[in-house]
Amino acid sequence: MVHWTGENSSVILILTKYYHTDMGKVLESSLWRSSDFGTLYTKLNLQPGIATVIDNFYICPTNKKKIILVSSSHNDRDQSLFISTDEGATFQKQPITFFVETLLFHPKEEDKVLAYTKEGKVYVSIDLGKKWILLQERVSKDHIFWAVAGVDGDPDLVHMEIQDPSGGYRYITCQIQNCSDKTMTVQFAGGTDRDSLTVQDDYIFLQTTAANRTKYYVSYRRNGFVQMKLPKYALPKDLQIISTDENQVFVAVQEWYQTDTYNLYQSDPQGVYYSLLLENVRSTKQPEENVLIDILEVRGVKGIFLANQKIDGKVTTLITYNKGRDWDFLNPPDIDMNGKPTNCKPPDCYLHLHLRWADNPYVSGTVHTKDTAPGLIMGAGNLGSQLVEYKEEMYITSDCGNTWRQVFEEEHHILYLDHGGVIVAIKDTSIPLKILKFSIDEGQTWSTHNFTSTSVFVDGLLSEPGDETLVMTVFGHISYRSDWELVKVDFRPSFPRECTDDDYESWDLTNLQGDRCIMGQQRSFRKRKISSWCIKGRSFTSALTSKVCECVNSDFLCDYGFERSAPLKSESSKCFADFWFNPEAPPEDCVLGQAYTSSTGYRKVVSNVCEGGVDLQQNLAQHMCPLTAPKGLQISIGEESLAVKPGEDVTFIVRQEQGDILNTKYQVDLGDGFKAIYVNLTMTGEPIRHRYENPGIYRVSVKAENVAGHDEAVVFIQVNSPLQALNLEVVPVVGRNQEVNLTAIILPKNPNLTVFYWWIGNNLQPLLTLDNFLVTKFAETGDVRVTVQASCGSSMLQDSKVVHVFDNFHVLPLKFTKHLDMYNPDIAEWREDIGRVVTRLLAKETNIPEETLMTVVKPGLPTTADLHVLLPANQPKRKRSVTSDKRIAAIKQALNAHEISFFLRGGYWVLVTLADSDSDSQRIGGGSGYWAIVVLFVISLVAVGAFILYKFKRKLPGRNVYAQMHNEKEQEMTSPVNHSEDTQNIIQGEEFIDDDLDSQTLVTPSGRSGSLNSYRVPLLLMPVSVQSQAITQAWF
C-alpha cells in the first residue's frame, strides 16, 4: 500500500507486505515513511526487537495526521493497533481483544472510529482507538454507515444492517453511546434482503424479495420508506445505484428480458419516480457477484456521462451533456497521431472507448477524468462501427468530448498534475520500463523522460491528493523477487514561475451540436495558454462565468409513466403515456381534501437552471383528491415464516399500496377468536402482535373499507410443534407385486400440517402425501430402500428402511404369553429387538440358517408377530425342494413343544407359540385367491371339452385324426411313470410338498384352501399348459 497522507503534505507512507500464497496470510511487512515528497524513505521500527506484521493502515479523512495501523501477531492469536497523531512520525501501541477486518472513520469527527470484526461484530471508539465498546453483533459487512452531515440530526447515529435470531435481516439505527436491543430503532417494518442497505447522501435504499418478486424502497432525507416507482412491467432482476448527487438518483436496472445489459433511469428529487434515459447499457459480471456497468460520469463538469450501449452484440460509445436526456456518438478525429487521414466518417464510423475500471487502485482506468481538470478526458478505444476489445489506442479531448485526437497506439496509465497542466503517461505493459511521457499542452505534443536508469516493472503512479502539485512517485520492482523501487519525479524545476491572468484563455462548453446552453446555462472555463510555461498552483480555479438560458424543449424529459415515441423527425421529442399508466388518475399518496396536478408527460431535468422560454409543464390541470377505495392490501409476517410454534409471538404487518388510508377502517380477524377494528393502520406501520397457544391452521384476514370501496387480504398461519421423532413402519419382507402399506409415525401428531416425501429405491422424484401412509407395490425382487421425510413448518425429519422383495416365502403367525403385553412400550426399536430374539432362538433350536428367518413384531396390543421363512440365497428358482417343508415342520415342532421362550423383566418367561396351531403356514407370492378360482374354472372347461371331443369323435370325421393324435400325446405326456421335473414345476409352481403326501393343501393369502388330486392335475392342465403355468405361479 502506498499513500500520500494528505493535501498540502510532503509525507508519503508505504506499506510493503510479503503474502504467502500457500499459507494464505502475510508473513512479513515493512512500513516506510518519507517527509520530503519521496526523496528519502525511512523504515519505521514500531517495536524494537519484535517482528511486527502490519495488515493495513487507515488515515482519518478530516485530519490526515491521524493514522491507525492494524497489526497481527505471527501466530494470529491477537491483534494490536498502532496510533499516530503526527503523520506517522511516532506511534503508540494499543492492544485490542478482537480481530479487525476493517475500520471506518467518522466523516466529520476525527476521533470517532467504527471497527468491523471477522465475526460480524461492530465496535466503536470515541478516542481514536484507545478504548472500544461493543456496539452490535451479527452485522452485514460493508453495510455500516455513519450519520450523514446535514441529513441525520444526530452525528453519533449509525446505520446498520443486522441479522436477527430467526435468520432474516433488518435495517436499524442506534447511537454509539447506547446500542442495545432496547434502544436501537428498527427503521423499516419487516425484513430486508441481505446486503441491500445503502446509505448515500440524502437517500437510503433497501430491497425485499417475496414470491420471487423484488421490491426496491427509498427514503428521502430520512422520511418514511416509499417503493421506488419504475415502469410497471420492468420487473427488475437487479438494480444498481449509479449516482445520488445533485439531488436526484441515477440507477441501472436489469429488466426481466436482459442478461448482459442494463437500462439507465433517472429519478425525481425524492428518488421515487423514475424515467428511462438509455436502454441496453453493457454490463460485466465480476467475481463475488459484483457487476460492472459501462457508464462513467465525467468529472469536472456536471451532467456529462459516457456509456457503452450493446445492441445485437454490437457495442458503441455514447455521450450525454444533459444528464441522459439526449445521447450522441463520439465524433472521430480526422487524422491519426501521425497526421494521416483516419477515413472515419459518420454515420458508419465513430470513436468508441473502453469504460473499464482498473483492478489496481494505483493506476488509472481506461478513461481518465478529474474534478481539478474540467474538460480533459483521456481514454483507450478505437475508431470504427463498434468497440473492439483488443484495440486500445489512446485518445484525448480538452473540450469535454467535442473534438478528439489520437495520442498513442497502445494503452497507457495516466496521471494529471497541476490541474491537468502536466499529463503523465506510462505504457500499460508487462515488460519493465524506464521511460515515461508527459505533455504540458493538453496532449498536443509529448516529451519523454528517463525516470530511472534501470528498467522496472511499474506497479503504480501516485501524486498528492487533489493533483494540485507537480511531484509524483513511480513505484514498482526490478524483478518479481526484488524489493520495491520508488522513484520521485518532480516537475517543479521545469516551470520558472507561477501563472498570471495573462497566461490563461477561456473556452466555452458546448455539446456536439454546438449549443452553448447546457443544463440551462452557458458556462465558460479558463485554461492555460499553450505558449505559457508556468505553474497553475493550488489557488487555480477553472470555472470562469455562467449565464442562465431560456428553457427549450431539450430541458425537459419524459415524466414517470411516459416515454418518447418512435424516432420520427416530426415527433421525436414528444412523450406519450404507456398503456399501463393513466395520467388523470390521482397519485397513490393523494389525500382527500387536497389537490393534485395531473402530469403533462414532461418534467424539467433535475439541476437544470433554465428560466422562462418554453414550459412543457404549463397548463397543468388541478384536481381535488377523491376518496379512493383501498387497493393492494397485503399482510406479511415480520418473522417471514407462515409456520410458527405454539406460544410463539407472531408479528403481522399490514400494507396498502393504493387508496385512501385516513378515512379507511381495517377489520382484523386473526382466526382464533380475536377480532378488532383499526384506523390509520397502514399509515402508522404499527405491527399487530399476537400469540397462538394451540396447534392448527388459522385464517388471518384484514378487510379495508371506506365509502368508495373495499379490499381484503388473507393469509393462513400454521401453528405446530416441531417434529420430535419419525419412524417408518414397514413389513420388511413382501411379495413381488403385492400391495404393501408404508406408514410414517411422527411425534407429535400434526394432522393436516405435515407433508410426507417418499422415495422408493433410487428414484430421485419423491411422492408427496398429506397422509402418513403410502400403499405401493414392488415389481422386482431384491432389496429396496424406502425413505420418508416428514416436513412440518421449519422442521424436517427422515427415516429409511430396507424392504426385501421375494417371489415366494412362508409366513407363520406367532403369539406370546400375556406377560409381554405388560412391558410393551409400542415403539419400533423394542419390536425390532423382540423380533431379533425370536429369530435367534428359532435358528438355534432348529439349526435353520438365521439369515433365512425373519420375525416381525406387529404394532399394538396384544403383541403378535409373523415369522417369515425365506428361500436360501443359493436356492435355484422354480426348483422343487424337499427341505423347505422340513424347515416348516421343524419350526412348528419347536413352537408346539414350547421350546422357544425368553426372559422378561419382573421374573417372567415369555413363551412363543403358533397363533393357530391347527392351520398350516401361509404361502405368500404375488397373486390372490381370485386367480385360484379362475384356474379351477379353466380346468373344468378343459375337462368338459375333452370329454365332448372324446364322446363324439366318431361322428365328426374332421376331428378323428386330431382327437386320436391328441389323445396319444396326452397319454405320453401325463404318464404317472414319466413325470418330469419341469412338468412338476409347471403343475405345482415352486410349492414344497412332502413325498409321502398324495394331495396338497393350497392356501391363498386370504386363508382360503382347497384340495386337488395330484394325478389328475397334469391331465387337466396340459391342454392349456402355457396359461396354466403363468396362473399357477402367480397364484402360489
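**Exercise 1.** Decide whether Cys-344 is buried or exposed.

*Solution.* Start with the number: Cys-344 has 3% relative accessibility. Buried means under 20%, so Cys-344 counts as buried. Bear in mind that we're working on a predicted model. Next, look at the partner: a disulfide joins Cys-344 to Cys-349, with 1.8 Å from S to S. Cys-349 comes out at 11% relative accessibility, so it counts as buried too. Last, the handedness: the torsion about the S-S bond is about -100°, so this disulfide is left-handed.

**Exercise 2.** Work out which parts of the chain the disulfide of Cys-499 and Cys-534 ties together.

*Solution.* First check the bond: Cys-499 and Cys-534 are joined with an S to S distance of 1.9 Å. The angle about the S-S bond is 95°, and the link is right-handed. Now place the ends. Cys-499 sits in the loop between S41 and strand S42 (504-508), and Cys-534 in the loop between strand S44 (521-528) and strand S45 (543-548), so the pair ties together parts 35 residues apart in sequence. As for burial, Cys-499 is at 14% relative accessibility and so counts as buried; Cys-534, at 0%, counts as buried as well.

**Exercise 3.** Find which strands stand at the edges of the sheet S39-S40-S41.

*Solution.* Read off the order first: this is an open sheet of three strands, S39-S40-S41, paired antiparallel. Strand S39 (457-463) and strand S41 (484-490) each have a single partner strand, so they stand at the edges, with one side left without a neighbour in the sheet. From one strand to the next, the twist averages 20°. Zoom in on S39 and strand S40 (residues 471-477): they pair over six bridges, and Leu-461 has Val-474 in S40 as its bridge partner.

Conventions: Residues numbered from 1 in each chain as written. Predicted model: local features only at pLDDT ≥ 70, side-chain atom pairs only at ≥ 80, totals over all residues. Heavy atoms only, no water. Pairing = 2+ DSSP bridges. Helix = DSSP H or I, 4+ residues; strand = E, 2+ residues; numbered from the N terminus. Axes fitted to C-alpha atoms, helices over the stretch in contact; angles between N-to-C directions. Disulfide = S-S within 2.5 Å. Buried < 20%, exposed > 50% of the residue type's maximum accessible area, 1.4 Å probe, protein only.
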